[in-house]
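Work through the following exercises with the coordinates open, and try each task before reading its solution.

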Amino acid sequence: MRAVNASTKFSIHAEHIYLFFRFITAMTSYGRKLGESKSVSLFCNVKYDFHRTLTTSKRNQLEKILNSNGAERCYHEEGGLSSQEATETTHIISTRKVDEQDANKDIFVVTPAWVEAAEKNGFVHDPKYYKPDPQLFFSGMVVATANLSTHDNSAIKGAVERYGGQYAKELLHDVTHVIANSDHGDRYKKATKLANVQILHPQFIHDCVKNERLVLPDRYLMPDPVCLHEDDKEAKSKASAADSDADALAPLHNAVFQYPGFNYKENKLYWPRDLEVTEPYLKGHCFYFVHDYDYLSTKSFDWEGRLKKAGAEVSSSYNAKVTIVVVKYRDNPEYIQACRDGKTVVTMWWVSNTLMRQRVESPARRLLDYPMPRGGIPGMENMAIVVSGYRGVARNFVRHLVHRCGCKFKVVIDSSVTHLVASSHTTKYRQAREANIPIINHLWLEDCYQRWEKLPLSDARYTHFLDGKNVNKFVAETKLIPKDLECWWKEGLSKPAEVEKQRENVPSSSKVHQSSKAATPSPPPPPSTTTITQPRQAARKAASKLEDVFIPDMNKYQKEVRSGYSMAGEKIPDEPSKEKEDDTMMDIDDAKSTGSKRTLEYESPEPDSNVSAPSSKTIKIVTSSINLDRREKNGILDLGGQMVDNVTQATYLLVEKALRTPKFLCAVNLGLKIVHHRWLRQSIEEQKWLDASEFAVQDKAMEEKYGFNLEESLSIAEERVVPGKHPHGTWLSTFEVYVLQSNKAEALKSVIETAGGKLITKLPARRLKELLRPDSENQLLVVSDPEDKSKWGDYTKQSIPIYNVELIIVGALRQKLDVDEFRLE
């Protein structure tokens, strides 16, 4: 940056002075800096390449801007970073986050907006505000405010910067968005004169943060935002016109298209359009189709011809040349073998989407592009779900997801319905609320499928509803985590449990196209550590066909779509969570009742920390024995954090003091940060997350009473915790714990499991004999209430030691097993 000489006779505009100091510390040595002469090339010293995710037209557009302004293109093999020139590259232009193995950490990975903003403003911007990370959904935005309080300004600044955007104190020409709550005052008037600037209501920032995605700004445009008067008939009329059937089958994110099968609008089977191929985007790929799709051999569509047109080859057998295997189920032997051979496994929907988007995406990027489990998610088999408010492709996607989770799909709300998945406050939303039916949005369904478990409904993201048009843009954005998928095919890993899918209420039709010849049956699935109950072969084949070519009851379907479009016309306040605090079961001494107190359900945590996922960056808070008020909960969201109910999903435990609650003991086992309530309050006041170490919980009296040091115990646990699907400590590893009192067993279950042990609820003579053998892999611990000796006899006769339940509780606090101290006589 050139120094400004105070003795110069010319004056510098105040706007340039402000921008000068705003960027002076952030600018790199690449490109023209603010205040430099135009004789300096806009992109001087910039050597760039395009990531393979960019389309040809976008590359050509950006290449023209870059090359005409002094940048130099570095070409690499197939748009990757494998050539020797990679060391010279300074910038990668991408619309997707680039994996660490694909890009050097010293290379700036930026979105196309970085190039476009530089051309518009005449200088290059700090690359950190233009990252293509989907978690940073404010990337590329320069946000200023008008007519807001100091507190609101601070809250918006924190939220914008937390999610990748840039906050501007002044209204200057590089501002892209202005947040205002009224159309009065000089600052608002100045904002209206800025070119290409959107002025939005503060609710826009709130809804983006709450949904952890960028929402469409249309409803928030000032001076008359629709979000403030959605009950107005005129506003509903406009919304209805915007949601016409014209775009009912429009793709989602230009990446997810109508499922190959029935097109309800045109009343015919849908196949991908025969688009002109401008470049062989499938060159180098060889496809192999596993015949678990019943309509693969149909004459209605030439899949092989379309793939060859795009540059691919198609093999009739599985061999070393094959790169992409099209398979439906994860228990298919070809799926397992392909994964172990490092090949790409995809579904027919991925093939159809790829032919339409004319580019190759990872199948893990879209939930339904990747092969599915044959069964359903345990605990969801008895769910009957109605879907309301979603349209076209979005509705089709959600409907398929209901079936893949193993739930029943229902068209109308009746006594059998257990859940409503809604996009907004539709008519069915009101009906479900009156019937006390749980209501969530599609994010809950997507997260359940992603993690293959039934998740609680208490996450605020699942109960936040926008209008249908906006929510449709969020559908199909959840990704599968490659590390989590390994358990389905990798040797030595336990395969997730499945339950038999319910095939009731699956729509049927005589219009299904029959195959010209029967598909070759797949060989039986390989043996697994998890027992899978499968339906009869004929029923499974019929059900598979109905799911592949989905033909709904037209009258019911279109009637539901029409009712789903209508808005409820009322602003319904948020309901408080019905989930009760699950700390009541501890102290163990108080757990005298038999099952009357709710136990801590041990659920799957967020993905492995080695995988790039929101959980690795988002502060997730769980509380124990305290209740947060609305201001504190909103403060967590405004700072980019999240409230969770399950301690295995949390990164921080919020308490007033050291406790013996299950959450506290589990938090110690997992090495979480355990902080005082003051940490949250002061962080909200200062509008930033403060150093948690300054608020670490200290309770000398309790530490002295039970002989532990909390800081040391957390340090030990953090070093030893085993990450993964079920993170846990190690101080109880290889131990199976049998608790003689059932009520105490329920209380101790989560503590034992997060310590690496296993709670056994039954101990038959045969299993007891196995555990007592000298060569047994696991050791037995029998624990009991010291005052209840009625069940000791069977074990003392065999000289089996019995231990006080304090062995588990104090063991968690100390992070070690002291059997001698807690052995009962």
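The exercises below concern a predicted model, and each task is followed by a solution in steps.

**Exercise 1. A parallel sheet**

Task: Determine in which order the 4 strands of the open sheet are arranged, and which strands stand at its edges.

Solution: Begin with the pairings of strand β21 (residues 652–655), which pairs with strand β19 (residues 620–623) in the parallel sense over 3 bridges. Towards strand β22 (residues 673–676), β21 is joined by 4 bridges, and these two strands also run parallel. With the remaining strand added, the order reads β20-β19-β21-β22, and the pairing is parallel. The edge positions fall to β20 (642–643) and β22, because each has a single partner strand, so that one side of each is left without a neighbour in the sheet.

**Exercise 2. The register and surroundings of β21**

Task: Find which residues stand opposite Y652 and V655 in β22, and decide whether the two faces of β21 are covered or open.

Solution: Take the register first: the bridge partner of Y652 in β22 is K673, while V655 has H676 as its bridge partner in that strand. On the β19 side, L654 of β21 stands opposite T623. Next, sort the side chains of β21 by face, which places Y652 and L654 on one side and L653 and V655 on the other; all of them are buried, and both faces are therefore covered. Finally, follow the chain onward from β21 through helix α19 (residues 662–670) to β22, a path that makes a right-handed β-α-β unit.

**Exercise 3. Aromatic pairs**

Task: How many aromatic pairs does the model contain, and what geometry does the pair of F43 and W114 have?

Solution: The count comes to 17 aromatic pairs. In the pair formed by F43 and W114, the ring centres are 5.7 Å apart and the planes make an angle of 50°, which gives a tilted arrangement. The pair links distant parts of the chain, since F43 lies in the loop between α1 (14–23) and β1 (47–50) and W114 in helix α3 (residues 112–121), 71 residues apart. Both partners fall under the 20% limit for burial, because F43 has a relative accessible area of 0% and W114 has one of 1%.

A second pair, F137 with F138, is edge-to-face, at 4.8 Å centre to centre and with 70° between the planes. F137 counts as buried because its relative accessibility is 8%, and F138 is buried as well, with a relative accessible area of 0%. These two residues form one aromatic cluster together with Y163.

**Exercise 4. Charges over rings**

Task: Identify which ring R162 lies over, and which ring has the charged end of R330 over it.

Solution: R162 lies over the face of Y163, at 4.8 Å from the ring centre, and Y163 is the residue that forms a cluster with F137 and F138. In the other case, the charged end of R330 sits over the ring of W488, at 5.0 Å from its centre.

**Exercise 5. A polar side chain in a strand**

Task: Decide whether T145 is buried or exposed, and list polar contacts that its side chain makes.

Solution: Locate T145 first, in strand β5 (residues 142–146). Its relative accessibility is 3%, and T145 therefore counts as buried. The side chain of T145 makes a polar contact of 2.6 Å with the side chain of N153, and a further polar contact, of 3.4 Å, joins the side chains of T145 and Y167.

**Exercise 6. Cysteines, a helix and a loop**

Task: State how many disulfides are counted, and establish how many residues of helix α26 (residues 806–814) are buried and how V412 is classified by accessibility.

Solution: The disulfide count comes to 0. Among the cysteines, C44 counts as buried because its relative accessibility is 18%, and C74 does so at 2%.

Turning to α26, 9 of its 9 residues are buried, including E806 and R814. The helix is followed by Q815, whose phi is positive, near 60°.

V412, in the loop between β16 (408–410) and β17 (419–422), has a relative accessibility of 48% and therefore counts as partly exposed. V412 and I385 are 27 residues apart in sequence, and their C-alpha atoms are 9.3 Å apart in space.

Note on methods
Residues numbered from 1 in each chain as written. Predicted model: local features only at pLDDT ≥ 70, side-chain atom pairs only at ≥ 80, totals over all residues. Heavy atoms only, no water. Buried < 20%, exposed > 50% of the residue type's maximum accessible area, 1.4 Å probe, protein only. Disulfide = S-S within 2.5 Å. Pairing = 2+ DSSP bridges. Right-handed = clockwise from strand over helix to strand, strands pointing away. Phe/Tyr/Trp six-rings, centres within 6.5 Å; stacked < 30°, edge-to-face > 60°. Lys NZ or Arg CZ within 6 Å of the ring centre and 35° of its normal. Polar contact = N/O pair within 3.5 Å; in protein donor to acceptor, adjacent residues only side chain to side chain.
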